[in-house]
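I set aside some time today to look through this structure. My notes follow, in the order in which I looked things up.

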Amino acid sequence: ISNLTATVTALPPNQTVVTDNFDMTDSTILGIEKVTADSDDNTLYAVSFDNGITWYAYADSAWVVLTEAQSGMTKVTLNGIGTDAWATMATTGHYKFRFVLFENSYVNSIVVDYLN
């Protein structure tokens with residue numbers, strides 16, 4: 001009988017997290033003013049306004065459809081989306097976020113400030 005010894009170094013796979021749908025149909029909510037993500041700089045974010053059928057990122061002053069399951073925008077971009085840009089997309093009364101965590105990534109919070 002022979003012994004085999006091995007040393008293995010492995011990285012966890014990227015993890016994709018999808019939030020529940022958030023409801024904005026209350027009559028006091030007029031829209032989204034801003035979003036503030038507290039996370040590392042590597043996490044990628046996407047937003048859906050149709051229950052996850054279509055995912056969007058904001059790039060070059062426009063919303064773009066994402067086709068890759070682990071693509072998105074940085075927190076700097078997400079945090080910088082203005083009220084007018086949110087108004088063009090947040091028309092369905094609900095939204096959800098997707099974020100991709102890479103090695104050593106974290107998300108502490110995503111805060112959405114509404115227009116009331």
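## Notebook: burial, charges and rings

I began with leucine 44 and asked whether the residue is buried or exposed. Leucine 44 is buried, because its relative accessible area is 19% and the cut-off for buried is under 20%. I keep in mind that this is a predicted model.

**Leucine 44.** I placed leucine 44 in strand 4, which covers residues 44–48. Then I listed its contacts, leaving out neighbours within four places in sequence. One group of partners is Gln70, Ser71, Gly72, Met73 and Thr74, and the list also includes Arg98, Phe99, Val100 and Phe102. I also checked leucine 44 against valine 112, which is 68 residues away along the chain. Their C-alpha atoms are 17 Å apart.

**Serine 48.** I stayed in strand 4, where serine 48 is also found. Serine 48 counts as buried, since its relative accessibility is 0%. What does its side chain reach at 2.9 Å? A polar atom of the serine 48 side chain lies at that distance from the backbone oxygen of threonine 54. Beyond four places in sequence, I found serine 48 in contact with Ile53, Thr54, Trp55, His94, Tyr95 and Lys96.

**Rings.** Tyr95 on that list sent me to the aromatic residues. How many aromatic pairs does the structure hold? I noted eight. One of them joins tyrosine 95 and phenylalanine 97 in an edge-to-face arrangement, with 5.6 Å between centres and 75° between planes. Both tyrosine 95 and phenylalanine 97 are buried. I also wrote down one aromatic cluster, formed by Phe49, Tyr56, Tyr58, Trp63 and Trp86.

**Salt bridges.** Next I turned to charges. Side chains of opposite charge can pair when their charged atoms come close. The count of salt bridges came to two.

- I looked up aspartate 113 and lysine 34, whose closest N and O atoms are 3.9 Å apart in a salt bridge. Aspartate 113 sits in strand 8 (residues 107–115) and lysine 34 in strand 3 (residues 31–39), so the pair links distant parts of the chain, 79 residues apart. Aspartate 113 is partly exposed because its relative accessibility is 26%, and lysine 34 is partly exposed at 38%.
- I then looked up lysine 75 and aspartate 41, whose side chains meet in a salt bridge at 3.6 Å, N to O. Lysine 75 belongs to helix 1 (residues 75–79) and aspartate 41 to the loop between strand 3 and strand 4, so this pair ties together parts 34 residues apart in sequence. The two ends fall into separate classes of burial: lysine 75 is buried, with a relative accessible area of 18%, whereas aspartate 41 is exposed at 54%.

**Aspartate 40.** I moved on to aspartate 40, in the loop between strand 3 and strand 4. This residue is buried yet has no salt bridge. Which side chain of opposite charge is nearest to aspartate 40? Lysine 75 is, at 7.6 Å, and the salt bridge cut-off is 4 Å, which means that the pair does not qualify. So I asked what the aspartate 40 side chain does reach, and found the backbone nitrogen of asparagine 42 at 2.7 Å. The same side chain makes a polar contact with the side chain of serine 105, at 3.4 Å. Leaving aside neighbours within four places in sequence, aspartate 40 is in contact with Lys75, Ser105 and Tyr106.

**Phi angles.** Last, I checked the backbone. Most residues other than glycine have a negative phi. I noted two asparagines that go the other way.

- Asparagine 51 has a positive phi of about 60°. I found asparagine 51 in the loop between strand 4 and strand 5 (55–59), and its relative accessibility of 45% makes it partly exposed.
- Asparagine 104 has a positive phi too, near 65°. Asparagine 104 lies in the loop between strand 7 (94–101) and strand 8, and it is exposed, with a relative accessible area of 68%.

Methods: Residues numbered from 1 in each chain as written. Predicted model: local features only at pLDDT ≥ 70, side-chain atom pairs only at ≥ 80, totals over all residues. Heavy atoms only, no water. Phe/Tyr/Trp six-rings, centres within 6.5 Å; stacked < 30°, edge-to-face > 60°. Buried < 20%, exposed > 50% of the residue type's maximum accessible area, 1.4 Å probe, protein only. Helix = DSSP H or I, 4+ residues; strand = E, 2+ residues; numbered from the N terminus. Contact = heavy atoms within 4.5 Å. Polar contact = N/O pair within 3.5 Å; in protein donor to acceptor, adjacent residues only side chain to side chain. Lys, Arg positive; Asp, Glu negative; His and termini not counted.
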